[in-house]
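Welcome! Here is a short tour of a protein you may be meeting for the first time. Have a look at the picture, then read on.

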Amino acid sequence: MFRSGAFVADHVSPTTDDQVQPNGVDLTLDVVFEQLEPGRIGRDGKQIGDRVARPLEELEMKDPDTYYLPTGAYIARYGERIAIPEGHVGFVYPRSSLMRNSCMLNTAVWDAGYEGRGEGLLQVHHDVEIERGARIAQLVFAEADHEDVYDGSYQGENLE
Ligand SMILES: O=c1ccn([C@H]2C[C@H](O)[C@@H](COP(=O)(O)OP(=O)(O)OP(=O)(O)O)O2)c(=O)[nH]1
């Protein structure tokens with residue numbers, strides 16, 4: 001069973017009322033990165049390629065801060081700290097307005113016990129402007145059996 005947005009909101013911070021949806025919680029865009037160097041996926045372990053934070057649009061001094069993203073692939077870091085409670089698994093879906101603007105967010109499984117500010121792959125198929133702090137995705141929780149809880153290399157990531 002999928003949990004209500006109100007339940008999910010208890011595990012996402014900070015959140016405003018606008019972010020709480022019937023079936024999940026909207027996640028906002030914090031930082032956009034561009035990968036510079038190749039990564040590596042091995043049989044044991046992996047390496048994430050070097051990346052650089054994309055500059056905010058400077059020419060027009062936009063307020064609020066705005067990313068102008070040409071066609072390409074980017075790593076998007078969400079603005080919220082997410083904790084996946086035991087007995088659950090999380091999934092992130094793109095906001096449909098993103099998709100309707102020829103952009104897509106690719107995501108993976110959010111494990112029970114994970115806590116951090118996670119990331120997704122933002123595919124831009126047509127130039128787009130996205131304000132920093134704009135809602136780009138929605139997190140949902142499903143009840144799920146599991147034996148262990150998440151104890152991988154991304155535990156506690158990006159929590160300063
Ligand atoms: O779209 C996603 C999906 C998951 N996560 C977070 C939550 C998840 O629990 C964690 C680890 O994901 P995964 O288990 O897929 O990572 P891995 O590549 O297997 O690395 P490790 O074994 O170090 O965890 O990353 C994200 O930030 N974005």
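Let us begin with two residues to find in this predicted model: W110 and Y114 are both buried. They also pair with each other through their rings, and they belong to one aromatic cluster together with Y78 and Y150. The points below start from these rings, then step back to the whole protein, and end with some single residues.

**Aromatic rings**

- Searching the whole structure turns up 4 aromatic pairs.
- One of these is formed by W110 and Y114, whose ring centres are 5.5 Å apart.
- The planes of W110 and Y114 stand at 85 degrees to each other, which means the pair counts as edge-to-face, a class for angles over 60 degrees.
- Which residues make up the aromatic cluster? The members are Y78, W110, Y114 and Y150.

**The protein as a whole**

- There are 2 helices and 14 strands in the secondary structure.
- The radius of gyration is 16 Å, close to the 15 Å that the globule rule gives for 160 residues, so the protein is as compact as a globular protein of that length.
- Measuring out the C-alpha trace along the principal axes gives a span of about 50 × 40 × 30 Å.
- Of the 160 residues, 36% are buried.
- Among contacts with a separation of 6 or more, 73% come from residues 24 or more positions apart.

**Surface and charge**

- The accessible surface is about 9500 Å², and carbon and sulfur atoms hold 47% of it.
- The protein carries 14 positive and 29 negative charges.
- The mean position of the positive charges and that of the negative charges are 3 Å apart.

**Two glycines to look at**

- G5 sits in helix α1, which covers residues 5-9.
- Is G5 buried or exposed? Its relative accessible area is 0%, under the 20% cut-off, so G5 counts as buried.
- Beyond its neighbours within four places in sequence, G5 is in contact with V20, Q21, P22, N23, G24 and V25.
- G5 and V140 are 135 residues apart in sequence, yet their C-alpha atoms are 7.4 Å apart in space.
- G113 belongs to the loop between β10 and β11 (115-116).
- With a relative accessibility of 25%, G113 is partly exposed.
- Leaving out residues up to four places away in sequence, G113 touches I84, V149, Y150 and Q155; of these, Y150 is also a member of the aromatic cluster.
- From G113 to H88 the distance is 8.7 Å, C-alpha to C-alpha, with their positions 25 residues apart in sequence.

**Backbone details**

- Most residues other than glycine have a negative phi, and most peptide bonds are trans.
- S13 and P14 are joined by a cis peptide bond, with omega about -5 degrees.
- P14 is part of the loop between β1 (12-13) and β2 (25-35).
- S102, a residue other than glycine, has a positive phi near 65 degrees.
- Where is S102? This residue is in the loop between α2 (96-100) and β10 (103-106).
- S102 is partly exposed, at a relative accessible area of 35%.
- N158 likewise has a positive phi, near 60 degrees, and lies in the segment after β14 (135-143).

Conventions
Residues are numbered from 1 along each chain as its sequence is written. This is a predicted model: local features need pLDDT of at least 70, side-chain atom pairs count only at pLDDT 80 or more; totals for chains, interfaces and linings use all residues. Side-chain values use heavy atoms; hydrogens and water are left out. Helices (H or I, at least four residues) and strands (E, at least two) are DSSP runs, numbered from the N terminus. The radius of gyration is taken over C-alpha atoms; the globule rule is 2.2 Å times the number of residues to the power 0.38. Buried means under 20% relative accessible area, exposed over 50%, partly exposed in between (1.4 Å probe, protein chains only). Contact means heavy atoms within 4.5 Å. Accessible areas come from the Shrake-Rupley method with a 1.4 Å probe; for residues, only the protein chains shown count as cover. Lys and Arg count as positive and Asp and Glu as negative; His and the chain ends are not counted. The place of a charge is taken as NZ of Lys, CZ of Arg, CG of Asp or CD of Glu. Rings of Phe, Tyr and Trp (its six-membered ring) pair if their centres lie within 6.5 Å; planes under 30 degrees apart count as stacked, over 60 as edge-to-face and the rest as tilted.
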